[in-house]
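Here's a walk through one protein model, written for someone who likes to know the cut-offs behind the words. Have the structure open and follow along.

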Amino acid sequence: MVVAGNYMEEDCGNDPHYLFPFQEIDEIEQITVKRPNCLRCKRPERVCVCFAFPKVPVPITTTLHILQHPREQDFRQLTTVPLLQECIPKDKCVIYRGKRFPKSKFAKLHEVCAQTNTAVLYPAKDAVDIKDFVAQLDGEPLQLIVLDGTWQEARAIGHNCSALLKGIPKVKITGSWRSEFVIKTQPTDESVSTLEAVAIALSQIEQIPDFITIARKPLKALCDFQIQHGAQIHESKESLARKGIKYRIFEKKF
């Protein structure tokens, strides 16, 4: 399930006479024939990862509410949430796309944020163990809010939605983990992708200890395909720093 809001890049300008400086490139892209994509995993058909999904969705009681930055859908072929969606029942994963989430467009999300069984999965200093939070719910299903995007985009969403998320308990996963999303550079050795963070959380609170393995199977298939086609295995920024290598990436401010 997806709920999307309107958004516009602020630096494009509102001038109706604004001319895109690379208009000819835009025209070329319009006539380029795109590779056919699998309707299920959204990957190009020749690197489809559907074989790695569980035969039937894994039943869970938790409902995920994913606040997804628009760039995850519009510009990234390697986003992990679509893989997660195929591992659980469809009605247990609601995606809200935008940079801000006003009540006029996201009324359901605001209702969820007002419930006492709602928590935000975010590794803040004041975050509590997700298992401890769920134990206090006395069997009431957890409503788990997840921020999806790059680390910079996730922080931006958190900042933009500070009023909405204020007062909602923050929860964190426990244990020592290393990401298997090896074709992406993580900030620290223990940073993991959105799929992995949610899968670890669910494995810890849903009495499904092998769910992380189930969810990582399509992620590993995606990485294997990319490596076969020339992608490199990445180290974390923390690991590179220990070697005296400063990792820099030029990202647009969001």
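## A lysine on a strand

Let's start with Lys-170, which counts as partly exposed because its relative accessibility is 29%. The scale here calls a residue buried under 20% relative accessible area, exposed over 50%, and partly exposed in between, using a 1.4 Å probe and protein chains only. The side chain of Lys-170 meets that of Asp-126 in a salt bridge, at 3.8 Å from N to O. That pair ties together distant parts of the chain: Lys-170 sits in strand β7 (residues 170-172), Asp-126 in the loop between β4 and β5 (128-129), and the two positions lie 44 residues apart in sequence terms. Asp-126 is exposed, at 52% relative accessibility.

A quick word on the ground rules. This is a predicted model, where local features need pLDDT of at least 70 and side-chain atom pairs count only at pLDDT 80 or more, while totals for chains, interfaces and linings use all residues. Residues are numbered from 1 along each chain as its sequence is written, and side-chain values use heavy atoms, with hydrogens and water left out.

## The overall picture

The protein chain has 10 helices and 7 strands; these are DSSP runs (helices H or I, at least four residues; strands E, at least two), numbered from the N terminus. Of its 254 residues, 44% count as buried. The accessible surface comes to about 15100 Å², with 55% of that belonging to carbon and sulfur atoms (Shrake-Rupley method, 1.4 Å probe; for residues, only the protein chains shown count as cover).

How much of the contact map is long-range? Among contacts between residues at least 6 apart in sequence, 75% join residues at least 24 apart, a contact being heavy atoms within 4.5 Å.

## Two nonpolar cores

A nonpolar core here is a set of buried Ala, Val, Leu, Ile, Met, Phe, Trp, Tyr and Cys residues joined through side-chain atoms within 4.5 Å. The largest one has 48 residues, and Val-49, Ile-66, Leu-121, Leu-142, Leu-144 and Phe-211 have the most contacts inside it. Elements that each supply at least two of its residues include β2 (63-68), β3 (93-97), β6 (143-148), α8 (194-205) and α9 (211-228). A second, separate core of 16 residues includes Val-94, Tyr-96, Cys-113 and Ile-157.

Ile-66 and Leu-67 make a nice pair to click on. Beyond its neighbours within four places in sequence, Ile-66 is in contact with residues including Val-81, Leu-84, Val-94, Ile-95 and Val-146. Leu-67 is in strand β2 and counts as buried, since its relative accessibility is 0%. With the same kind of neighbours set aside (within four places), the contacts of Leu-67 include Tyr-96, Phe-101, Leu-109, Ile-145 and Ile-157. The C-alpha atoms of Leu-67 and Tyr-96 are 5.0 Å apart, although 29 residues separate them along the chain.

## One side of a helix

Which residues of helix α6 are buried? In α6 (residues 151-160) they are Glu-153, Ala-154, Ala-156 and Ile-157. They span an arc of only 160° around the axis, so they lie on the same side of α6; the arc is taken over the directions from the helix axis to the C-beta atoms.

## Charges, paired and buried

Side chains of opposite charge can pair when their charged atoms come close. The rule used here is a side-chain nitrogen of Lys or Arg within 4 Å of a carboxyl oxygen of Asp or Glu, and the count comes to 12 salt bridges. Lys-90 pairs with Glu-86, with the closest N and O atoms 2.7 Å apart; Lys-90 is exposed at 52%, whereas Glu-86 is buried at 12%. Glu-235 and Lys-243 meet at 2.8 Å, N to O. Arg-178, Asp-189, Glu-238 and Arg-242 are joined into one network by salt bridges that share partners.

Two arginines are worth a look too. Arg-43, in the loop between α1 (23-31) and β2, is buried with a relative accessible area of 5%, and its contacts outside four places in sequence include Cys-38, Val-49, Leu-78 and Leu-222. Arg-216 lies in helix α9 and is buried at 11% relative accessibility. Its side chain reaches the backbone oxygen of Arg-178 at 2.8 Å.

Terms used. Polar contact = N/O pair within 3.5 Å; in protein donor to acceptor, adjacent residues only side chain to side chain.
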